[in-house]
Amino acid sequence: MATGKIIKRAPTSAPFRASDYLRDERDIAAYLDEILADGDPRMVPVALRSIAAAVGGMAALAERTGLSRETLYRTLSNKGNPRLDTLAIVLEAFGLRIAVAPARKRAIG
């Protein structure tokens, strides 16, 4: 039954891509800091893939690190588990380094 009303479709939304907002080393460092503060180590490869996309993709990252694209794809896959030395090489390519800071104090109770 036609009511004569015109139905407007909602505009489609674009998926969120962190890489669209990572413009420099400061943005990348803040993004990684938040990912690490969350405490889920499975998010580290995901974050590194987003950062790789922001700096030109895996081919550009491979060129910057001297690692093969295949190694980077495998290491930064969902099942990947980057070794500390690989993580340091990748971070260096982003203009970052590994550092240690005091943990936030937790309430004892």
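**Group meeting: a walk through the helices**

Let me start with threonine 75, which, leaving aside neighbours within four places in sequence, is in contact with Pro45, Gly80, Asn81, Pro82 and Thr86. Before I go on, please keep in mind that this is a predicted model. Threonine 75 sits in helix α4, which covers residues 69-75. Is threonine 75 buried or exposed? Its relative accessibility is 15%, so threonine 75 counts as buried, the limit for that class being under 20%. Its side chain also has a polar partner: one of its polar atoms lies 2.7 Å from the backbone oxygen of threonine 71.

Now over to another threonine, number 65. This residue belongs to helix α3, residues 58-65. Threonine 65 counts as buried because its relative accessibility is 15%. What does its side chain reach? The answer is the backbone nitrogen of leucine 67, at 3.1 Å. If we set aside the neighbours within four places in sequence, threonine 65 is in contact with Leu72, Ile89, Val90 and Ala93.

Some of those names come back when we look at how two helices pack. Helix α5 spans residues 84-93, and its axis comes within 9 Å of the axis of α3, with a crossing angle of roughly 105°. That angle makes α3 roughly perpendicular to α5. Which residues meet there? On the α3 side we have Leu61, Arg64 and Thr65, and on the α5 side Ile89, Val90 and Ala93.

Let me stay with α3 for a moment and pick out two more of its residues. Glutamate 63 is in helix α3, and at 72% relative accessibility glutamate 63 counts as exposed. How far is glutamate 63 from valine 90 in space? From C-alpha to C-alpha they are 11 Å apart, with their positions 27 residues apart in sequence. Alanine 60 is in helix α3 too. Its relative accessibility is 23%, so alanine 60 counts as partly exposed. Alanine 60 and alanine 93 are 33 residues apart in sequence, and their C-alpha atoms are 9.7 Å apart in space.

Next, please turn your view to another pair of helices. Helix α1 runs over residues 25-38 and helix α2 over residues 43-54; their axes come within 10 Å and cross at roughly 165°. That makes α1 roughly antiparallel to α2, since an angle over 145 degrees falls in that class. As for handedness, the crossing of α1 and α2 is right-handed. From α1, the residues taking part are Ile28, Tyr31, Leu32, Ile35 and Leu36. They meet Met43, Val44, Ala47, Leu48, Ser50 and Ile51 in α2.

While we are on α1, have a look at glutamate 25, which lies in that helix. Glutamate 25 has a relative accessible area of 45%, so it is partly exposed. Which residues does glutamate 25 touch, not counting those up to four places away in sequence? They are Phe94, Gly95 and Leu96. For one of them, glycine 95, I can give you the spacing: glutamate 25 and glycine 95 are 70 residues apart in sequence, yet 6.1 Å apart in space, C-alpha to C-alpha.

I have saved the aromatics for the end. How many aromatic pairs does a search of the whole structure find? It finds one. The partners are phenylalanine 16 and tyrosine 21, with ring centres 5.5 Å apart and ring planes at 10°, so the pair is stacked. The reasoning is simple, because planes under 30 degrees apart count as stacked. And how accessible are the two partners? Phenylalanine 16 counts as exposed, at 65% relative accessibility, whereas tyrosine 21 counts as partly exposed, at 48%.

To pull the helix part together for you: α1 is roughly antiparallel to α2, whereas α3 is roughly perpendicular to α5. Threonine 65 is buried and is among the α3 residues that meet α5, while threonine 75 in α4 is buried as well. That's my tour, and thank you for listening!

How values were computed. Residues numbered from 1 in each chain as written. Predicted model: local features only at pLDDT ≥ 70, side-chain atom pairs only at ≥ 80, totals over all residues. Heavy atoms only, no water. Phe/Tyr/Trp six-rings, centres within 6.5 Å; stacked < 30°, edge-to-face > 60°. Buried < 20%, exposed > 50% of the residue type's maximum accessible area, 1.4 Å probe, protein only. Helix = DSSP H or I, 4+ residues; strand = E, 2+ residues; numbered from the N terminus. Polar contact = N/O pair within 3.5 Å; in protein donor to acceptor, adjacent residues only side chain to side chain. Contact = heavy atoms within 4.5 Å. Axes fitted to C-alpha atoms, helices over the stretch in contact; angles between N-to-C directions. Parallel < 35°, antiparallel > 145°, perpendicular 65-115°, else oblique. Left-handed = near helix turned anticlockwise from the far one by under 90°.
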